[in-house]
Every structure is written in structure tokens, then in C-alpha cells.
Amino acid sequence: MSKVYSTLTLAAALLFSSVAYSQETPKLTDAEIAHVGVVANQIDVDYAAIALKRSKNKSVIDFAESMTRDHKAVIKKATDLVTKLGVTPKDNSVSQSLLDDAKKTKKSLEDQPKTSFDKAYIDNEVAYHKAVINAVEKVLIPQATNTELKSLLEAIVPSLKAHLAHAEMTQKELKELKDSKY
């Protein structure tokens with residue numbers, strides 16, 4: 001298991017999973033949910049930026065470009081909604097944990113040898129999207145009280161699942177490419 005994948009698994013995946021299933025799930029306000037949503041999307045944009053700098057693989061680059069485009073669009077929708085509602089996204093323990101974990105994951109991605117970067121990035125994306133989908137479905141949507149915010153969260157789930165499928169397809173392509181070299 002690559003260092004970045006294990007860092008993510010121990011970080012965001014466990015955070016989101018424990019938040020989703022814990023009896024101590026933090027109660028988030030709509031302003032805090034909005035902040036978590038923006039932070040989670042920005043983190044993936046940041047990961048994609050690293051991939052766009054480091055990867056030479058067309059499938060990985062195409063995936064990173066779609067992550068950049070799609071997650072920036074979600075950030076814009078969320079920002080437009082909170083502006084319309086007059087809500088200021090509020091920092092909270094969940095968003096801070098995500099940011100802290102993302103710093104470690106970014107460093108791990110940046111430190112990956114060229115030969116293992118693509119796999120590390122895509123493995124990270126698979127795990128990250130699974131964790132985010134879980135958190136959106138099990139924590140953010142159930143806790144959202146504003147119907148427009150809840151609708152926005154519900155509307156992004158199919159995109160997140162499509163991202164996961166795309167990441168898994170790219171992961172499979174990378175494995176097949178590696179296997180064909182041996």
C-alpha cells in the first residue's frame with residue numbers, strides 16, 4: 001500500500017467514516033455543512049493540481065482535469081447558494097480535520113517517486129470519493145436543515161459517484177498497464 005493511500009485511509013476516510021457512524025457525530029449547522037462541502041471540494045481541486053503538474057499519463061491527466069472542472073463548479077454553486085441565503089460558511093472541527101489531513105496527503109503526493117505517483121494519486125481519489133460520498137449521504141444531508149442546501153447536497157451525490165467510477169476505471173487501467181509490462 002502506498003504511503004499516500006495509507007495516509008488518506010487513516011485520515012479522511014476514517015474521519016468521514018467515524019463521523020458518519022459515531023454516536024458522537026458532531027452536530028453541524030447549515031453554515032458548518034456549507035464550509036465542510038467547500039473544503040472537501042477544494043481539497044480535491046488541490047489534489048488534481050498536483051496530478052496535473054506531476055503526471056504524464058493521459059488517463060490520469062483527463063481525470064484530474066475533470067476533478068478540477070467539476071469540483072470548482074460545485075464550489076461555485078455552494079458559494080452562490082450561501083450568498084443567496086445570506087449565510088457565511090463557518091469553520092468547524094470537521095473541516096479543520098479535513099484540512100489537516102489534506103496537508104499530509106498533499107505532501108505524500110508531492111513526495112511520491114515519479115514511477116508510483118499515478119497509482120498513489122488514483123488510489124487516493126478512490127478512497128477520498130468513497131469517504132466523501134459516505135459523509136454526504138450519512139452526515140451532511142441528514143443534518144442539513146435548509147431545503148436548498150439539502151437539495152444541493154443530494155444533487156452532487158450522482159456526480160461524486162460518477163467520479164468514483166471514473167477513478168476506479170482509471171485505477172484498473174493503471175493496474176492493467178503495470179501488469180502488461182511484466
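Guide: Before we start, "buried" means under 20% relative accessible area. Keep in mind that this is a predicted model.

Visitor: Okay, are Phe63 and Tyr121 buried or exposed?
Guide: The cut-off to stay under is 20% relative accessible area. Phe63 and Tyr121 both pass that test, so each of them counts as buried.

Visitor: How many aromatic pairs does the structure hold?
Guide: Ring pairs link Phe63, Phe117 and Tyr121 into a cluster. Tyr47 and Tyr128 pair up as well. For the whole structure, the count of aromatic pairs is three.

Visitor: What kind of pair do the rings of Tyr47 and Tyr128 make?
Guide: Their centres sit 5.7 Å apart, and their planes are at 80°. Planes over 60 degrees apart count as edge-to-face. So this pair is edge-to-face.

Visitor: How many residues apart in sequence are the parts that Tyr47 and Tyr128 tie together?
Guide: Tyr47 belongs to helix 2 (residues 30–54), while Tyr128 belongs to helix 5 (residues 114–143). The pair therefore ties together parts separated in sequence by 81 residues.

Visitor: Which helices does the pair of Phe63 and Tyr121 tie together?
Guide: This one is edge-to-face too, with 6.1 Å centre to centre and 65° between the planes. Phe63 lies in one helix and Tyr121 in another, so the pair ties together helix 3 and helix 5.

Visitor: And how are helix 3 and helix 5 oriented to each other?
Guide: Their axes come within 11 Å and cross at roughly 40°. Angles under 35 degrees would count as roughly parallel, and 65 to 115 as roughly perpendicular. The crossing fits neither, so helix 3 and helix 5 are oblique.

Methods: Residues are numbered from 1 along each chain as its sequence is written. This is a predicted model: local features need pLDDT of at least 70, side-chain atom pairs count only at pLDDT 80 or more; totals for chains, interfaces and linings use all residues. Side-chain values use heavy atoms; hydrogens and water are left out. Rings of Phe, Tyr and Trp (its six-membered ring) pair if their centres lie within 6.5 Å; planes under 30 degrees apart count as stacked, over 60 as edge-to-face and the rest as tilted. Helices (H or I, at least four residues) and strands (E, at least two) are DSSP runs, numbered from the N terminus. Buried means under 20% relative accessible area, exposed over 50%, partly exposed in between (1.4 Å probe, protein chains only). Axes are lines fitted to C-alpha atoms, for helices over the stretch in contact, and angles run from 0 to 180 degrees between N-to-C directions. Angles under 35 degrees count as roughly parallel, over 145 as roughly antiparallel, 65 to 115 as roughly perpendicular and the rest as oblique.
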